[in-house]
Amino acid sequence: GSGGFRKRKHDNFPHGQRREEKENVNPPSALMTSFKSFQLELDTRHDKYERLVKLSRDITIESKRTIFLLHRFTSAPNGEEILSESEVKLDAVRRKIKQVAQELVGEDMYQFHRAISPGLQEYVEAVSFQYFIKTRSLISVEEVNKQLIFTAEDREETTNMTSNSHDKEPHTWSLKVTPVDYLLGVADLTGELMRLCISSVGNGDIDTPFELSQFLRQIYDGFTFIGNTGPYEVSKKLYTLKQSLAKVENACYTLKVRGSEIPKHMLADVFSTKTELIDQEEGLP
Amino acid sequence: MSVSEMFAALQGALGQDQDIREEIRKVVQALEQTAREILTLLQGVHQGPGFQHIPKKCQKAREHFCTVRTQMESLKTKFPADQYYRFHEHWRFVLQRLVFLAAFVVYLESETLVTREAVAEILGIEADRERGFHLDIEDYLSGVLTLASELARLAVNSVTAGDYSRPLRISAFINELDSGFRLLNLKNDSLRKRYDGLKYDVKKIEEVVYDLSIRGLNKEATVGGGGEK
């Protein structure tokens, strides 16, 4: 009765193709055998790709959270605490990147580049933001890559008992951020710096905006130097970068012209209206 | 390092990249030219008298593949060997086209599907990624799908030319190919899109076979050997 029905339904649905294949070619022909190996190869490749996409998404989310955390830096009195907390978060991100590096052992990194590129860009953004807050300068691509060399020792916390000392040495993994990923991450960084600038004015910090405008100008000059040598995405970001720079430069201008006239406690109001005005010009909410 | 120095270094790297791409593009253009020549040559089989000259045409095509091999050899030298997928999209299209042409030649000669290893050999490249410039599996499969639509056309034209047995053989071949492709779990990408076209080729060939059988022409083909003399 119902049992038979269920069985038949089960037979029909997921194994439909296999049934037909049996009907058509009883002894597996050379063609079918090779297609079976293709199936295996493609499935392996797709699985790896999916795993990398998932890792990339995790990296993106954690990096974004780190950036939000770092935005609290200027307003909070416990600055050091936030910095060390961000370091912990970035370490967690790097552990994910280590997993990516392990997935890519023996593979051509560019084959799976599309899967991991968004995560890496976000990571560059987070790590360069932290670096800027700490040192007031731009992290280099070499510096970023230096932090992405992993050894098996990092893992010992969890697998201390099982790891053998002799296989420790060959187990290093590394991932290299491509110049383009780095550039795109840095371009995103400028957006964060613009936000930092506006919010620091809100806190009555008059010096940071000028420092930031100078820094952003350097980056902007750098990007214009690259111009259209880079791929299309880079030149696309250049436009947003220009807008960020304009906002910061206008903020500095207002500070210079009106800063002496306005009492310090009212500065925040001046800028909140000012930024709104700019946002409206772009048609953003 | 100052910001401007960093960007200068990056610009240098990107500039080198561009040079490599330029070099690759030149070789790929030459490859496309050769591929067009081979295609023109093989297109001849669709015309009536062409059916008699199939072996000769295949022979000529194989000679052209020598040029392909030397061009591939020069393509290999244009970029670092471990960065195949970085520049993959530049030669992807032409490589698929060449796979199709090689598969077509092999089909016309022996009526079998060329293996991935055999195509790689005809093109002078490797089948395995580990051993250097290789043939990506998706490119191979794409090329094979192009072969399917070409064979659907060949089935129609061979009837016109009076060869009634060929469509039956093509039909058996395409059916096997179809069940082979059904084994694959394709993602929603370009290969999948092209695979979706395979069923129309299958249908078309089945229609040709149907037309032949209701007129009893398929029996004549199996008994008398059809238009081949």
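Modeller: Start with one cut-off: a residue counts as buried when its relative accessible area is under 20%. Keep in mind that this is a predicted model. In chain A, buried residues make up 43% of the 285 residues.

Colleague: How many helices and strands does chain A have?

Modeller: Chain A has 11 helices and 2 strands. Read the order from the N terminus: α-α-α-α-α-α-β-α-β-α-α-α-α.

Colleague: What share of the contacts in chain A joins residues at least 24 apart?

Modeller: Set a floor first: take contacts between residues at least 6 apart in sequence. Of these, 74% join residues at least 24 apart.

Colleague: Now the annotations. Where does UniProt place the feature "binding site" in chain A?

Modeller: Treat such a label with care, because annotations may be inferred rather than shown by experiment. Here, the unreviewed UniProt entry puts "binding site" at Glu125(A) and Glu192(A). These residues span 68 residues in sequence, yet no two of their C-alpha atoms are more than 8.6 Å apart, so they gather at one spot.

Colleague: Is Glu125(A) buried or exposed?

Modeller: Compare its value with the cut-off. Glu125(A) has 4% relative accessibility, which is under 20%, so it counts as buried. Its home is helix α5 of chain A, residues 113–135.

Colleague: Which residues does Glu125(A) contact?

Modeller: Leave aside the neighbours within four places in sequence. Then Glu125(A) contacts Ile67(A), Gly185(A), Asp188(A), Leu189(A) and Glu192(A). Note the last name: Glu192(A) is the other residue that UniProt marks in chain A.

Colleague: Where is Glu192(A), and is it buried or exposed?

Modeller: Glu192(A) is in helix α8 of chain A, residues 179–202. Its relative accessibility is 11%, so Glu192(A) is buried as well. Beyond four places in sequence, its contacts are Ile67(A), His71(A), Glu125(A) and Phe129(A). Ile67(A) therefore appears on the contact lists of Glu125(A) and Glu192(A), two residues that count as buried.

Colleague: With which side chain does Glu192(A) make a polar contact?

Modeller: With that of His71(A), at 2.7 Å.

Colleague: Where does UniProt place "binding site" in chain B?

Modeller: The unreviewed entry marks Glu150(B). Run the same checks. Glu150(B) is in helix α5 of chain B. At 10% relative accessibility, Glu150(B) is buried. Not counting residues up to four places away, Glu150(B) touches Gln43(B), His46(B), Phe100(B) and Phe104(B). The side chains of Glu150(B) and His46(B) are joined by a polar contact of 2.6 Å.

Colleague: How do I read the interface? How many residues of each chain are in contact?

Modeller: Count residues, then area, then chemistry. On the chain B side there are 35 residues, in contact with 44 residues of chain A. The buried area is about 3600 Å², and carbon and sulfur atoms give 67% of it. In chain B, Phe7(B), Leu14(B) and Leu183(B) lose the most area to chain A, together 19% of what that side buries.

Colleague: How many salt bridges does the rule find across the interface?

Modeller: It finds 4 salt bridges between chain B and chain A. One salt bridge links the side chains of Arg45(A) and Glu138(B), at 3.2 Å from N to O. The rule also finds 10 residue pairs in polar contact across the interface, with both residues at pLDDT 80 or more.

Colleague: Which helix of chain B gives the most to that interface side?

Modeller: α1(B) does, with 10 residues. α1 (3–43), α5 (137–160) and α6 (166–182) of chain B each supply at least two residues to the side that touches chain A. By type, this side divides into 19 nonpolar, 7 polar and 9 charged residues.

Colleague: Two positions remain in chain B. Where is His88(B), and what does it contact?

Modeller: His88(B) is in helix α3, residues 88–110. At 5% relative accessible area, His88(B) is buried. Beyond four places in sequence, it contacts Asp136(B) and Asp139(B).

Colleague: Is Val119(B) buried or exposed?

Modeller: Val119(B) is buried, at 0% relative accessible area. It lies in helix α4 of chain B, residues 116–123. Leaving aside neighbours within four places, its contacts are Val99(B), Ala102(B), Val114(B), Leu135(B) and Tyr140(B). Val119(B) and Val106(B) are 13 residues apart in sequence, and their C-alpha atoms are 9.2 Å apart in space.

Technical notes. Residues numbered from 1 in each chain as written. Chains lettered and ligands numbered in written order. Predicted model: local features only at pLDDT ≥ 70, side-chain atom pairs only at ≥ 80, totals over all residues. Heavy atoms only, no water. Helix = DSSP H or I, 4+ residues; strand = E, 2+ residues; numbered from the N terminus. Buried < 20%, exposed > 50% of the residue type's maximum accessible area, 1.4 Å probe, protein only. Contact = heavy atoms within 4.5 Å. Polar contact = N/O pair within 3.5 Å; in protein donor to acceptor, adjacent residues only side chain to side chain. Buried area = accessible area lost by both parts, 1.4 Å probe. Nonpolar A, V, L, I, M, F, W, Y, C, P; charged D, E, K, R; others polar.
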